[in-house]
Every structure is written in C-alpha cells, then in structure tokens.
Amino acid sequence: MTRVNLITGFLGSGKTTLLCHLLAARPAGEKWAVLVNEFGEIGIDGALLADRGATLKEIPGGCLCCVNGLPMQVGLNRLLKSKPDRLLIEPTGLGHPRQVLQMLSAPVYQAWLQLNATLTLLDARQLADPRIVSNENFRDQLAAADIIVANKRDCWDQADRQRLADWQQQMQPPRPLTETEFGQIPLSLLDMPYQPREISEPHHHHPSAPTSGLAALRLDGGACWRRALNHGQGYSACGWLFDADTLFDSGALLEWVRQAAVDRIKGVVRTPEGTMRINCQAKELQSDTLITPPPDSRIEIIHSQQADWNRLQSALLKCRLR
C-alpha cells in the first residue's frame, strides 16, 4: 500500500524546495513518486525534481481538482500502478485542496493508498499581505492542514514572528506547527495521521489544461521556442519553452529577472556554465546550478495583474547567446 501526503502552500511558500529536501532524505530501498501540478502551462517543477530519484508525473496548466479531477485521477492511477512506497502530491499554490482530498479518500483508492497527514507550508510574511490573507485558497489550504510548516524563518523579522504567534493562537482547531527554513523537516512528519476536516467548497476555478497534461511540454515542428499563457483566480501566468540548442547569458538573464516587476519567476535554463535554476519571489532571487541538465530551458512568470508580456519577452529573447 502506498503512503500518500498532500503538500500544499500558497505561491512562494517553498513547496518545491521542501520536496527536494524530502527526496534527498528518502530511505534507501524505498521507491517514491511525485505528482506535481502547476498553475502555468510550461511546467517548471518537473524539471527541478527530475533528477531527484523519484518517479515523476507532471500536470501543468490548472488546478488538480478541475474537470472533475480527471487530470489528477489519470496521473494518480499511473503512479499507483508502479506501486511506490510513498507518493507526494504538490498541487499548485493557487489550488484548492478540497476535491483532491475527497478523491484520495474515496473508497476506490482504499485498497491502494494510505492517506497520511496533509502538510501546508506558510511563510509568516504572507500574513502581512491583505491580498494573500483574503485569498480563499490560502485560507482553505491552511484549514485543510494536519501540520503547518512555517517555512523561511531565516527571512522573518520580529513583526513577522508576532503575526505568526497571533495567528497560531487563533487557529481553530489547533494543529501542530513546526518552524523551519529551506523546507528542512523530519521525514517522521509524513507518517502523522490524516484528519478529515470540513473545508468550504471553492467559489471559483480556472480552466484546466487539456486532459493529457502534455501539450505544453513540447515544441511544435522545428520551432526553437514557444510561449504559453494562463489566467485564473486573479493571477496571470506566462511561460516560455526553449529548445536544447538555446543558450542564455547567465548575467543578462539574472538582470532580466531582477528588473521584472512581477510577483514570481521560476526557471531552469541552459547557459555556457551549466544549467541554472532560478527562483524569484517578491524580489528575493535564488539561483544555483543543476547537476543533471534538462532537455530544454523553461521560464515561468506568475503575476497578480496582467503584465506587458511582449515587453518582457522581447527583453528575455535578448538574453540568448544562440
């Protein structure tokens, strides 16, 4: 029987970093799988997790619960057929957890999986942003949590800590909360029990991608790059996919990221120095080099307003060396 955990958290809370940490700590001899979903069409997290030693299924372009959960159900069934010891599910940060948990709790899966604790990541700085605090999915992700992982504590100030303490005191029903940084949590949290909770029905969805979930992952014909757009729940996404022959100037690309007035940028890009991983949230830029190069380059922007995608694209294309 496969042990399953739902890993939720709003945009920028550090879900992918936490997954990387958990996969690195995977016990020897255990077979793990990851089902990852992204708001944007391009799909960045799959490339970030591809070299982590787990079976991976990626569903870009919408929340897992859309279209009666069909994209998730197809991906879930494929992964369960391989009989992994553990399955970690990461919905988009803009996704609602209710339908996902209902599906995982359905009688049809009781012989296949053991649903364990839902972990919800929270950056205490998010509690200072009225736009985030008032977001339905942010609130319901926290309501669905069995364990709150208060992440990125190395970035908090005293006011952030006080807001977290005040919020924790008001949290009903009370639940365990663990503070950490860089998503570093003990594996033992994954085996904590799941507790069914009353979670409100989401008031709105955004449309999902084609049910194959694969259309956005390929270039058409002889094209060397393509762009894909998505919009929903008050956010817009624009992503670019470049072929394996395209190389970027790393310095120019990092400057492009710094100057972009948007909420979130993630990317995995090929440079002459190697493959660079980029993660920028609220002007906090992190970058490093991947050991295993991906077959292409991918960049995704998520913003709470419509952006001038053509202007951003023009500047991005100028960062190419070839």
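Q: A pocket is an open set of grid points with protein on both sides within 12 Å along at least five of seven lines. In this predicted model, what is the volume of the second largest pocket?

A: Rolling a probe the size of a water molecule over the atoms shows where empty space is left. Here, the second largest pocket has a volume of about 350 Å³. Of the 19 residues that line this pocket, Q126, D129, I132, Q281 and A282 are the closest to its centre. The lining comprises seven nonpolar, three polar and nine charged residues.

Q: Which residues are the closest to the centre of the largest pocket?

A: The largest pocket has a volume of about 740 Å³. Its lining numbers 38 residues, and those closest to the centre are T16, T17, R264, N279 and Q286. Among the elements that give two or more residues to this lining are helix 1 (15-24), strand 2 (32-38), helix 2 (45-49) and strand 13 (284-290). Strand 12 supplies the largest share, five residues. By class, the lining of the largest pocket has eleven nonpolar, 15 polar and twelve charged residues.

Q: How should a nonpolar core be read, and which residues have the most contacts inside the largest one?

A: In soluble globular proteins, nonpolar side chains tend to be buried together. The largest nonpolar core in this model has 22 residues, and W240, L253, W256, I265, I299, I301 and L316 have the most contacts inside it. Elements giving two or more residues to this core include strand 10 (235-242), helix 8 (250-259) and helix 9 (309-317). Leaving aside residues up to four places away in sequence, L316 touches W240, F242, F248, L253, W256 and I299. A second, separate core of 21 residues includes L35, L79, V100 and L115.

Q: How many aromatic pairs are found, and what separates a stacked pair from an edge-to-face pair?

A: The angle between the ring planes decides: under 30 degrees is stacked, over 60 is edge-to-face. A search of the whole structure finds five aromatic pairs. F10 and Y235 stand 6.3 Å apart centre to centre with 70° between the planes, an edge-to-face pair. Because F10 lies in the loop between strand 1 (2-9) and helix 1 while Y235 lies in strand 10, the pair ties together parts that are 225 residues apart in sequence. F10 and Y235 are both buried. W225 and F242, at 6.2 Å centre to centre and 25° between the planes, form a stacked pair. This pair links W225 in strand 9 (residues 225-232) with F242 in strand 10, 17 residues apart.

Q: Are W225 and F242 buried or exposed?

A: The limit for buried is under 20% relative accessible area. W225 has a relative accessible area of 26%, so W225 is partly exposed. F242 stands at 0% relative accessibility and therefore counts as buried.

Definitions and conventions
Residues are numbered from 1 along each chain as its sequence is written. This is a predicted model: local features need pLDDT of at least 70, side-chain atom pairs count only at pLDDT 80 or more; totals for chains, interfaces and linings use all residues. Side-chain values use heavy atoms; hydrogens and water are left out. A nonpolar core is a set of buried Ala, Val, Leu, Ile, Met, Phe, Trp, Tyr and Cys residues joined through side-chain atoms within 4.5 Å. Buried means under 20% relative accessible area, exposed over 50%, partly exposed in between (1.4 Å probe, protein chains only). Helices (H or I, at least four residues) and strands (E, at least two) are DSSP runs, numbered from the N terminus. Contact means heavy atoms within 4.5 Å. On a 1 Å grid over the protein atoms alone, a cavity is a set of points where a 1.4 Å probe fits but cannot get out, and a pocket is an open set with protein on both sides within 12 Å along at least five of seven lines; lining residues have an atom within 4 Å of a point. Grid points are joined across faces, edges and corners, and a volume is the space filled by probe spheres set on the points. Ala, Val, Leu, Ile, Met, Phe, Trp, Tyr, Cys and Pro count as nonpolar, Asp, Glu, Lys and Arg as charged, and the others, Gly among them, as polar. Rings of Phe, Tyr and Trp (its six-membered ring) pair if their centres lie within 6.5 Å; planes under 30 degrees apart count as stacked, over 60 as edge-to-face and the rest as tilted.
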